[in-house]
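Please find below a short note, set out as numbered points, to be read beside the sequence and the model.

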2 protein chains.
Amino acid sequence: MDFLTVLGLAAATLTTIAFLPQMFKTWQSKSAKDVSFVMLVTFNSGVFLWLIYGIYLQALPIILANSVTLFFNLIILWLKIKYR
Amino acid sequence: MDFLTVLGLAAATLTTIAFLPQMFKTWQSKSAKDVSFVMLVTFNSGVFLWLIYGIYLQALPIILANSVTLFFNLIILWLKIKYR
């Protein structure tokens, strides 16, 4: 695997797993007052479009990274609504 | 511009501007207690790697989207530290 691929995979992994600590934090504290609802809705919409883009391109890395990111962020959005 | 390019640009725009409302919310409320510090550090690191990736590829859309996202998220991280 070349340097550029490793760099891209590292980038994708970090921007995907980043939302795990937010998910667990909100789950545990049962509070998401300081997390912007508009950010969550806009970000989820954008990640959904990235997913469609990846499916059109049949690009597995784009599909995988954005599926997982969308899954985590939909849970954070659900927790935000649940604990509002 | 073909459909796929428009789709990619729409996706990039949404996942970039998503962080503006979070920035303004934190700025106004002076509180980021519910925003995960580990998420911010991990996400900023990942976006930084995406930026390097885009520079290597000389891909202007990747460079632009990730520069702006990094700028917004570094401000959110700074506010998180400032108001902790």
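How many helices and how many strands are there in chain A?

1. Chain A has four helices and zero strands, and its elements follow the order α-α-α-α from the N terminus. Helices (H or I, at least four residues) and strands (E, at least two) are DSSP runs, numbered from the N terminus.

2. This is a predicted model, in which local features need pLDDT of at least 70 and side-chain atom pairs count only at pLDDT 80 or more, while totals for chains, interfaces and linings use all residues. Residues are numbered from 1 along each chain as its sequence is written, chains are lettered from A and ligands numbered from 1 in the order in which they are written, and side-chain values use heavy atoms, with hydrogens and water left out.

3. The C-alpha trace of chain A spans about 45 × 25 × 15 Å along its principal axes. Among contacts (heavy atoms within 4.5 Å) with a separation of 6 or more in chain A, 71% join residues 24 or more positions apart.

4. Of the 84 residues of chain A, 44% are buried, that is, under 20% relative accessible area (1.4 Å probe, protein chains only). The exposed area of chain A is about 4,600 Å², of which carbon and sulfur atoms supply 73%; accessible areas come from the Shrake-Rupley method with a 1.4 Å probe.

5. A turn of 180° with a shift of 0.0 Å along the axis lays chain B on chain A with an RMSD of 0.0 Å. The two copies are therefore related as by a two-fold rotation axis. Copies are superposed by least squares on the C-alpha atoms of residues with pLDDT of at least 70 in both.

6. The same surface serves both copies, as 100% of the contact residues of chain B recur in chain A.

Technical notes: Buried < 20%, exposed > 50% of the residue type's maximum accessible area, 1.4 Å probe, protein only.
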